[in-house]
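Work through the exercises below with the sequence and the 3D structure at hand. Each task is followed by a solution in steps.

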Amino acid sequence: MELEGRPATDRFSPHALRRACATHNYERGVDLLAIQQLLGHWTVSSTMRYVRPSATFIEDAYRRAVTTTLGELTAEEGSPA
């Protein structure tokens, strides 16, 4: 990157590459334990520090959870007791 004359903001480290790999895998549905094993971490808490989901991913997950919960509550109200 330096030889190409790229600005410092375009450069990345191996650590940043690991973080990006962990985040992209997590956002695509890979289990956190699988990512832990991929990165060679001893604990999931270490892996959780690597995963930085985007705001869009978090908002979508929240909307799915709310929609699912409301659907379940509506179905329960409509079923005979």
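Helices here are DSSP runs of H or I with at least four residues, numbered from the N terminus. The model is predicted.

**Exercise 1.** Find the helix that holds V66, and decide whether V66 is buried, partly exposed or exposed.

Solution.
- Step 1: Helix α4 spans residues 55–78, and V66 lies in it.
- Step 2: Buried means under 20% relative accessible area and exposed means over 50%, with partly exposed in between.
- Step 3: V66 has 32% relative accessibility, so V66 counts as partly exposed.
- Step 4: On the surface, V66 joins Y62, L70 and L73 in a nonpolar patch. Together these residues have about 400 Å² of accessible area.

**Exercise 2.** Classify Q36 as buried or exposed, and list its contacts beyond four places in sequence.

Solution.
- Step 1: Q36 is placed in helix α2.
- Step 2: The relative accessibility of Q36 is 11%, therefore Q36 counts as buried.
- Step 3: With residues up to four places away left out, Q36 touches H41, W42, T43, V44 and T47.
- Step 4: A22 is 14 residues from Q36 along the chain, and their C-alpha atoms are separated by 8.7 Å.

**Exercise 3.** Which residues make up the largest nonpolar core, and which helix gives the most to it?

Solution.
- Step 1: The largest nonpolar core has six residues, namely A22, L32, I35, L39, Y50 and V51.
- Step 2: Helix α2, residues 32–39, gives the most, with three residues.
- Step 3: Apart from neighbours within four places in sequence, L39 contacts R18, A22, T47 and Y50.

Methods. Residues are numbered from 1 along each chain as its sequence is written. This is a predicted model: local features need pLDDT of at least 70, side-chain atom pairs count only at pLDDT 80 or more; totals for chains, interfaces and linings use all residues. Side-chain values use heavy atoms; hydrogens and water are left out. A nonpolar core is a set of buried Ala, Val, Leu, Ile, Met, Phe, Trp, Tyr and Cys residues joined through side-chain atoms within 4.5 Å. Buried means under 20% relative accessible area, exposed over 50%, partly exposed in between (1.4 Å probe, protein chains only). Helices (H or I, at least four residues) and strands (E, at least two) are DSSP runs, numbered from the N terminus. Contact means heavy atoms within 4.5 Å. Patches are made of residues with over 30% relative accessible area and no salt bridge: like charges are joined within 9 Å, nonpolar side chains (Val, Leu, Ile, Met, Phe, Trp, Tyr) within 5 Å. Accessible areas come from the Shrake-Rupley method with a 1.4 Å probe; for residues, only the protein chains shown count as cover. A salt bridge is a side-chain nitrogen of Lys or Arg within 4 Å of a carboxyl oxygen of Asp or Glu.
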